[in-house]
Structure formats: structure tokens, C-alpha cells
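Below is a short set of questions and answers on one protein model. Please have the sequence and the coordinates open while reading.

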Amino acid sequence: MQTVAQWCEEFLAKPHPDLGRGGSVCPFIPKALSMNRVVFVVVHTENRAESEVDETIARYRQIFLDMEPVSGQEAMDKAILVILPDVSEEDAPRMVDETHRRLKSDFVDSGLMIGKFHPRSEQGGLHNPGFRPLRSPVPLLAIRHMVDSDLPFLNRVDDPTQDRIRFLESYGQRFDGAEPSRWSEKARAALEKNRLAQEREQ
């Protein structure tokens, strides 16, 4: 926990010259840390079945939703970091990425984002593909509320078309009736494009 907390303070909450934009590496974490609304939990995976680990992590979806504050703008400034200390650096790309893939849909359906972090992450930044913002010293999954600028994370080309459609539909439902933003039209266009791609695949 101490290692992850230090990484949050010294990396996520700070600007980085390779980020490709201004501000901190994670736009959400500085305020959440300052308000003491980042919860660190440890989930042990050694000698546990994949399904059991999934079930344990999935429970934090409802725990997060029930965490105070549960409504209003302040509810956006909270997060849970699920630390996975038993996962070795060598196993992290498989274990963390696959766990994230299996759980992502249910979190997105609830209006949440679940992020995957580990020492060997090769996922590039949105503004600089050569930057690796998801490299952490200890494997972990991060849970927070979805915001409209999360659209690019829900329309990644490495996700199957069917999954992207589900993510984008959940995104649309979450922001239905909200003030139009620069993401609104992009979301509608992305959903239509993926639906057409699915028709072609069939």
C-alpha cells in the first residue's frame, strides 16, 4: 500500500514531460488524494481460482457505489485501488489484463471505469502513444466513476466490436440528457460505426 500510495503522489498526481498535454498524469487523482477519497485495498490471488479472484474484485463495484459521497459532484472525486501484490511482474500482462477484460463490461454498465496498471503495461497514452501512463510498481486495478472524456477508453480497437458496442451504449445511457459536449457527437458516431462493422462481420 505504501509503495502504491507513493506512486500515486509522485507519478499519477504530477505532470510528466512525455505526457503530451498539460496537467497531471491522472487528472482525477490529485483532488481525490487531497480530499482523502482514495481507498487502497489488497486482494491476494495466490492459490485462488480465477473465478474466485474475479468474484472478489467484482464486489468492489457495489462497495464503490455505496461509498460516501454517493451523489453530486463530490462523488466523482473518489476511487478504489485494488492492489494485487501476489501477481509477479512476469505474470502481470496476462493476469491483470485478462482479469480487466472479464470485468470491464459489468463496471461500465454501472457507469464506472476500471483501469489496469502493472509494471509491464504497453498501453500508450492518448496524447503520446510512446508514453506508458499505466505502468505501476505493483499490479493493480483502479475503480472510479465514468466521465464523458472516457470515450476513447470505451472505443479501443483492441476490444471486440461487440464489446465496444456494449461499452458505447452504456456510455450513452449514462450521459443521456446531460449537457452536450465535444464528446457527444463523437460517441454517437462511434456507436454507429461499430454497429455497421458488426453487421459486416455477420
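Q: How do the residues of the lining of the largest pocket divide into nonpolar, polar and charged?
A: This is a predicted model, in which local features need pLDDT of at least 70 and side-chain atom pairs count only at pLDDT 80 or more, while totals for chains, interfaces and linings use all residues. Residues are numbered from 1 along each chain as its sequence is written, and side-chain values use heavy atoms, with hydrogens and water left out. Ala, Val, Leu, Ile, Met, Phe, Trp, Tyr, Cys and Pro count as nonpolar, Asp, Glu, Lys and Arg as charged, and the others, Gly among them, as polar. On that scheme the lining holds 26 nonpolar, seven polar and 15 charged residues.

Q: Which residues that line the largest pocket are the closest to its centre?
A: A pocket here is an open set of points on a 1 Å grid over the protein atoms alone, where a 1.4 Å probe fits, with protein on both sides within 12 Å along at least five of seven lines; lining residues have an atom within 4 Å of a point. The space in the largest pocket is about 1,100 Å³, a volume being the space filled by probe spheres set on the points, which are joined across faces, edges and corners. Of its 48 lining residues, the closest to the centre are L134, R144, D150, F153 and R156.

Q: Which helices each supply at least two residues of the lining of the second largest pocket?
A: The second largest pocket has a volume of about 400 Å³, and G172, F175, D176, S184 and R188 lie nearest its centre. Helices (H or I, at least four residues) and strands (E, at least two) are DSSP runs, numbered from the N terminus. The helices asked for are α5 and α6 (184-201).

Q: What is the nearest side chain of opposite charge to R164, and how far away is it?
A: R164 sits in helix α5, and its contacts (heavy atoms within 4.5 Å) beyond four places in sequence include D159 and N194. R164 is buried, meaning under 20% relative accessible area (exposed is over 50%, partly exposed in between; 1.4 Å probe, protein chains only). Lys and Arg count as positive and Asp and Glu as negative, with His and the chain ends not counted. R164 has no salt bridge (a side-chain nitrogen of Lys or Arg within 4 Å of a carboxyl oxygen of Asp or Glu), and the nearest side chain of opposite charge is E201, 5.8 Å away.

Q: Which residue forms a salt bridge with E50?
A: The closest N and O atoms of the pair are 3.4 Å apart. The pair links distant parts of the chain, from E50 in helix α3 (residues 50-66) to a partner in helix α4, 52 residues apart. E50 is exposed at 52% relative accessible area, whereas its partner is partly exposed at 25%. That partner is R102.

Q: Where is P69 found, the residue joined to E68 by a cis peptide bond?
A: Most peptide bonds are trans. The bond between E68 and P69 is cis, with omega about -10°. P69 is found in the loop between α3 and β2.

Q: Is N47, a residue with positive phi, buried or exposed?
A: Most residues other than glycine have a negative phi. Phi of N47 is near 60°, and N47 lies in the loop between β1 and α3. At 78% relative accessibility, N47 counts as exposed.
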